[in-house]
Amino acid sequence: MANIFGFFGSILGYVLWAAFYFLKDFGLSIVVFTIVIRLILFPFTVKQQKSMAGTMRLQRKQKELQEKYANNKVKLQEEMNKLYEKEGVKPMGGCLTMIVPLLVMLGIFYAVAYPLTNTLHLNSDTVNSAVAYMNTIPGYTITTNATYQQIELIRVFPSIMNTETIQGLFSAADCQQIIDFANGFNMMGINLLTIPKDMGIFSWYSLIPVLCFISYVGSQFVMQKINKAQMAQQQGCLKVMLYVMPLFTAYIAYTVPAAVGFYWICSSVIAFIQSLVIAKFFTPVSFTAKEEARHIALMELNEAKVPYVYSPVEQKTSSKSNGNGKKKKK
């Protein structure tokens with residue numbers, strides 16, 4: 001599974017590298033990179049909302065069919081399929097729109113967490129050998145999550161670049177590229193290669209995990225407001241995760257290089273803005289209202305196409321019956 005996400009991360013890494021090539025600032029590159037990817041994924045998000053609206057619109061009719069054919073599962077499925085076809089709703093239509101953004105977002109994480117292999121696209125065996133060598137040097141042993149060892153390698157690379165092992169692993173061009181890349185992690189006086197935990201809880205770097213928590217909670221809160229119907233159906237354990245995950249994210253951001261936490265902040269803030277746009281223009285309720293209006297307009301249009309047929313036979317029959325009535329009165 002990691003190989004799949006790594007593959008997506010390698011592809012998206014070209015986008016991140018293109019942003020860094022022009023900006024020469026890894027922090028700003030993450031911002032631009034995340035915005036570009038969110039814009040690419042926005043149609044999928046809108047389609048997901050539309051699919052959700054279609055499902056909500058059919059809930060009452062589905063319940064009626066379930067009650068009517070409670071003892072006949074085959075007939076129930078047939079009627080359900082007819083209902084989907086009639087209403088133009090694809091019950092599995094939202095799956096792809098959920099899977100693709102998930103794969104891409106995990107790919108983004110792998111592009112940020114593994115910058116040497118997925119952004120600079122250096123040989124993975126060479127990078128792994130360099131990481132292994134770094135871990136043998138006293139004072140440079142990784143004590144944090146092994147996932148972020150490539151970022152740690154970038155941080156210490158200027159100090160170990162001239163060693164015989166590193167010189168044997170990387171060419172002079174590769175070494176210079178890594179050094180230039182490392183210099184790009186300094187953003188407005190903040191070194192994104194620094195681990196907040198190493199600087200102490202009262203340092204400015206501690207704001208990164210705090211902002212991770214705030215941005216994550218804010219984004220989730222808005223999403224709950226947007227998808228009230230969907231959230232109401234979730235189990236209690238899933239709702240707890242919405243509050244546990246921000247705390248877990250903040251803890252991880254405190255123990256890993258600041259670049260990872262900064263990426264999470266950017267991703268949450270941009271997701272928050274996207275949620276506001278969706279809440280304003282693309283809510284399931286608005287989609288349902290538009291679909292109902294479209295359905296009514298279509299029915300009126302079909303009725304207008306039916307020609308009016310004048311039938312004098314009925315009028316003659318009516319006249320005769322009236323005449324007979326008059327004769328009876330006489």
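## Buried, and the overall picture

A residue counts as buried when its relative accessible area is under 20%. Leu116 sits at 0%, so it goes into the buried group. Keep that cut-off in mind, since it comes back for several residues below. One thing to say up front is that this is a predicted model.

Zooming out, the protein has 330 residues, and 40% of them count as buried. Its secondary structure adds up to 17 helices and 2 strands. Take the contacts between residues with a separation of 6 or more: 73% of them link residues 24 or more positions apart. The accessible surface is about 19800 Å², with carbon and sulfur atoms making up 63% of it.

## Helix α8 against α10

Two packed helices are described by the angle between their axes and the distance between the axes. Here is the pair formed by helix α8 (residues 149-160) and helix α10 (residues 172-183): the angle is about 120° and the axes lie 9 Å apart. An angle of about 120° falls outside the 65 to 115 range for roughly perpendicular and is not over 145, so α8 and α10 are oblique to each other. The crossing of α8 past α10 is left-handed.

Which residues of α8 and α10 meet? From α8 come Ile154, Phe157 and Pro158, and from α10 come Cys175, Ile178, Ile179, Phe181 and Ala182. Sorted by class, this contact has 8 nonpolar residues, with no polar and no charged ones.

## Helix α7 against α8

Helix α8 also has a partner in helix α7 (residues 124-134), where the axes come within 10 Å and cross at roughly 70°. That angle makes α7 roughly perpendicular to α8. The crossing is again given as left-handed, with α7 passing α8.

On the α7 side, the contact uses Val127, Ala130, Val131 and Met134, while α8 supplies Gln149, Gln150, Glu152, Leu153 and Val156. The class count for α7 with α8 reads 6 nonpolar, 2 polar and 1 charged.

## Leu116 and its surroundings

Back to Leu116, which belongs to helix α6 (residues 115-118). What does Leu116 touch once residues up to four places away in sequence are set aside? The list is His121, Leu122, Val127, Gln150, Leu153, Ile154 and Ile178. Among these, Val127 of α7 and Gln150 and Leu153 of α8 also take part in the α7 contact with α8, and Ile154 and Ile178 turn up where α8 meets α10. In sequence, Leu116 and Ile178 are 62 residues apart, yet their C-alpha atoms are separated by 7.9 Å.

## The loop after α6, and Gln177

Thr119 is placed in the loop between α6 and α7. Is Thr119 buried or exposed? Its relative accessible area is 1%, so Thr119 is buried. Leaving out neighbours within four places in sequence, Thr119 is in contact with Gly13, Leu16, Trp17, Ala111, Tyr114 and Phe181. Phe181 is also one of the α10 residues that meet α8.

Gln177, found in helix α10, is partly exposed with a relative accessible area of 24%. Beyond residues up to four places away in sequence, Gln177 touches Trp17, Leu120 and Leu122. Trp17 is a contact of Thr119 too. The C-alpha atoms of Gln177 and Leu120 are separated by 8.3 Å, with the two positions 57 residues apart along the chain as the stated spacing.

## Two positive phi values

Most residues other than glycine have a negative phi, and most peptide bonds are trans. Lys24 goes the other way, with a positive phi of about 55° although it is not a glycine. Lys24 is in the loop between α1 (2-23) and α2 (26-57), and its relative accessible area of 52% makes it exposed.

His121 is another such case, with phi near 60°, a positive value in a residue other than glycine. His121 lies in the loop between α6 and α7 and is partly exposed, at a relative accessible area of 24%.

## Ala253 in α14

Helix α14 (residues 236-255) holds Ala253, which counts as buried at 0% relative accessibility. Neighbours within four places in sequence aside, Ala253 is in contact with Pro196, Pro209, Cys212, Gly261 and Trp264. The C-alpha atoms of Ala253 and Ile208 are separated by 7.1 Å, and these residues are 45 apart along the chain.

Conventions. Residues are numbered from 1 along each chain as its sequence is written. This is a predicted model: local features need pLDDT of at least 70, side-chain atom pairs count only at pLDDT 80 or more; totals for chains, interfaces and linings use all residues. Side-chain values use heavy atoms; hydrogens and water are left out. Helices (H or I, at least four residues) and strands (E, at least two) are DSSP runs, numbered from the N terminus. Buried means under 20% relative accessible area, exposed over 50%, partly exposed in between (1.4 Å probe, protein chains only). Contact means heavy atoms within 4.5 Å. Accessible areas come from the Shrake-Rupley method with a 1.4 Å probe; for residues, only the protein chains shown count as cover. Axes are lines fitted to C-alpha atoms, for helices over the stretch in contact, and angles run from 0 to 180 degrees between N-to-C directions. Angles under 35 degrees count as roughly parallel, over 145 as roughly antiparallel, 65 to 115 as roughly perpendicular and the rest as oblique. A crossing is left-handed if the near helix is turned anticlockwise from the far one by less than a right angle, and right-handed if clockwise. Ala, Val, Leu, Ile, Met, Phe, Trp, Tyr, Cys and Pro count as nonpolar, Asp, Glu, Lys and Arg as charged, and the others, Gly among them, as polar.
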